[in-house]
Amino acid sequence: MQNRGLVKFFAILFALVSVYQLSFTFVSQGIEKDAKEFAKGNPEKEVKYLDSIGKEKVFSLGFTDFTYNEVKDKKINKGLDLEGGINVQLQISVKDIVKGLANNSKNPVFNQALAEATKNRQGNQDYLDVFFAEFEKAANGTVKLASPDIFANKSLGDEINFKMTDDQTKKVIRRKVDESIESAFEVLRKRIDKFGVTQPNIQKLGQSGRILVELPGAKDVDRIKKLLQSTAQLEFWETYKIDDLGNFLLATNNALKLTEKAPAVAKTETKSAVSDSINKLLTDDKVKDSTAAKKGDNPLLDKFVSQGGGAILAIVDPKDTASINSYFKRQDIRNLLPADKRYAKFVWGKPSIRVDEKTKKSVETVELYALKGNRDNQAAMSGGVVTDAKDSFDQLGKPSVTMQMNGKGAKDWEELTGKAYRKKQHCHCIG
């Protein structure tokens, strides 16, 4: 009798747990059904609907409430076979990692070995094994992997020196490649966790550089592709100041007057604020006279919401960035850059919300910068020197990022920031 009572107790307990678990599945299915009906077959619209109610309370047990995101996390995972979704394999380019470790070396033996390894690699064969074999064949004992123009470069100077043998260098390269693959894996895992897919499966497939990603229930293929394929690389660039390029911006504006058709505007509408702000920075009276104009007469300057300052060249409405980019890509405009600034790269900061001084309304804007480029299009420092990074808060309680660098990176950083301080320049981080 006692055994029967015990069995009955566990049966009831199991039933209650099952009902508890299934209730989240039923609620989630009902919400997802509503999303389908709302989207009318549009996957992107369906995803946006579900994202919009993620933090809304949708289920109550009387003593506690659950948001849709919490319900989704607790529902029973059906897997790809039952629920469908997306299954994809990603191949990390070991070739590109090797090129980066070699600081994009132009050594002919190195580049021949890369080309031959890419051509001769078969199936899932380890790319490094093929590359090392091809390097030995191409070098024929005349060049070492630890040559200063290959792997004994400024980025790997703390770990590889020109006295090391090829076997010693290979061990370092293998470790650095493994670290890069592991880093890419962690980035993907964090991105997918933020995407909100229930119980995703992410795993590395051996040492091939391939990563398997399974996303049950995922429907927006384009969104997933963008999520998985987008790249991010930390680089440190020096930036020009508005004083360095103010005359170029004015010359560009004047050149565009000859090629760009001015938009139709009301006769009584004027806009001289931007011109005036540039004039305050550039005190040449002749320049002042040439830039005070009606709205529509200044193809470039009329797109500046307000002046910048320091490293910020201008503040712009995001919808105008495409046309401004097209201006700066034109060869006739590039020719207006001073000879010592001919490699300047124009880039945009992250969009932010600001309050318009006149309308007092919140508007989205983006900042324009000019990086000090060079013939090789290489940053002053790469993110490869960073050994650890984490989010933190500064002394004023504002969000900040603390970084640790290897010995070579710390030395380069000291020199770079020292030069910026001495010349009162700014350093801009691109990542």
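Four residues separate E179 and R175 in helix α8, so about one helical turn lies between them. In this predicted model, E179 and R175 form a salt bridge whose closest N and O atoms are 3.3 Å apart. Both partners are partly exposed: E179 has a relative accessibility of 38%, and R175 has 37%. The pair does not stand alone, as salt bridges with shared partners join E159, R175, K176 and E179 into one network.

Why might such pairs form? Side chains of opposite charge can pair when their charged atoms come close. The structure holds 14 salt bridges, and two others are worth a visit.

Stay with helix α8 for a moment and find K170. This lysine forms a salt bridge with E136, with 2.7 Å between the closest N and O atoms. K170 sits in helix α8 (residues 166-195) while E136 belongs to helix α7 (residues 127-139), so their pairing ties together parts that are 34 residues apart in sequence. The two ends of this bridge have their own surroundings: K170 is buried, at 16% relative accessible area, whereas E136 counts as partly exposed at 44%.

Next, look at helix α6 (residues 108-120), where E116 and K119 lie three residues apart, about one turn of the helix. These two also form a salt bridge, and their closest N and O atoms are 3.5 Å apart. E116 is partly exposed at 23% relative accessibility, and K119 is exposed, with a relative accessible area of 58%.

From helices, let us move to strands. Strand β1 (residues 57-60) pairs with β2 in the antiparallel sense over three bridges. Together β1 and β2 make a hairpin with four residues between them, and in the turn G62 has a positive phi of about 95°. Which residue of β2 is the bridge partner of K57? It is T67, a residue of strand β2, which covers residues 65-67. T67 counts as buried because its relative accessibility is 16%, under the 20% limit for that class. Beyond its neighbours within four places in sequence, T67 is in contact with G54, K55, E56, K57 and V58.

Our last stop is A344, in the loop between α14 (331-334) and β9 (345-348). Is A344 buried or exposed? With a relative accessibility of 1%, A344 counts as buried. Setting aside residues up to four places away in sequence, A344 touches Y240, R334, L337, L371 and G373. A344 and L245 are 99 residues apart in sequence, yet their C-alpha atoms are 9.8 Å apart in space.

Conventions
Residues numbered from 1 in each chain as written. Predicted model: local features only at pLDDT ≥ 70, side-chain atom pairs only at ≥ 80, totals over all residues. Heavy atoms only, no water. Helix = DSSP H or I, 4+ residues; strand = E, 2+ residues; numbered from the N terminus. Buried < 20%, exposed > 50% of the residue type's maximum accessible area, 1.4 Å probe, protein only. Contact = heavy atoms within 4.5 Å. Pairing = 2+ DSSP bridges. Salt bridge = Lys/Arg side-chain N within 4 Å of Asp/Glu carboxyl O.
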